[in-house]
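This report looks at how the strands of one model are arranged into a sheet. The sequence and coordinates come first.

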Amino acid sequence: MGAAQWEWLEKELKTSEADFNIIVSSIQVLSGEHGFETWCNFPHEVNRLIELIGSSGARGVMVLSGDRHISEFSRMDSEPLLYPIVDFTSSGLTHAYSSFKGEVNPYRVGKVVPEVSFGWVILDFQKHKATFQIHTDGNKIVQKLTQTY
């Protein structure tokens, strides 16, 4: 991101009064060992984002990402984060990486879904939790992850 984008994001996170803050990225933020386009190709930028999220005081920050033709959950829990950050990759509404053979992702929770799928996020404002769901053909829920904030 450029200087203006970083400045805007910092201002928005630090002044947010929202219960949940959603960052949407065209590429994955946490998974980086697959050899494709990812924020992890720029490790200083990932560190900067994690530092910003941790220092901002913003509640319920989560990342929604795509561009992989797979779906998966990644979760990081480390300093300076006040709670674990979830990067929910939902990709493949019309195309899937059907020849997927596996790859390392130290932040993965559950399994990779290498089939046509879509993501669903349910925000529970009373219990301060988000439920992330991966749906496949026929609206079948094949995985879910719940994170309390």
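How many bridges join β2 to strand β4 (residues 85-89), and in which sense do the two run, parallel or antiparallel? In this predicted model, β2 and β4 are joined by 3 bridges and run parallel. Within this pairing, valine 63 stands opposite aspartate 87 in β4.

Strand β2 also pairs with strand β1 (residues 21-25), again in the parallel sense, over 5 bridges. Serine 25 has serine 65 in β2 as its bridge partner. Strand β2 covers residues 61-65, and 4 of its 5 residues are buried, so the strand is largely enclosed by the rest of the structure. Buried here stands for under 20% relative accessible area.

Elsewhere in the sheet, strand β3 (residues 71-76) is antiparallel to β5, with 3 bridges between them. In that pair, serine 71 is bridged to valine 113 of β5.

The pairings described above are listed below.

| Strand pair | Sense | Bridges |
|---|---|---|
| β1 and β2 | parallel | 5 bridges |
| β2 and β4 | parallel | 3 bridges |
| β3 and β5 | antiparallel | 3 bridges |

Taken as a whole, the sheet is open and contains 5 strands in the order β1-β2-β4-β3-β5, with mixed pairing. The edges are held by β1 and β5 (108-113); each has a single partner strand, so one side of each is left without a neighbour in the sheet. From one strand to the next, the twist averages 15°.

Conventions. Residues numbered from 1 in each chain as written. Predicted model: local features only at pLDDT ≥ 70, side-chain atom pairs only at ≥ 80, totals over all residues. Heavy atoms only, no water. Buried < 20%, exposed > 50% of the residue type's maximum accessible area, 1.4 Å probe, protein only. Helix = DSSP H or I, 4+ residues; strand = E, 2+ residues; numbered from the N terminus. Pairing = 2+ DSSP bridges. Axes fitted to C-alpha atoms, helices over the stretch in contact; angles between N-to-C directions.
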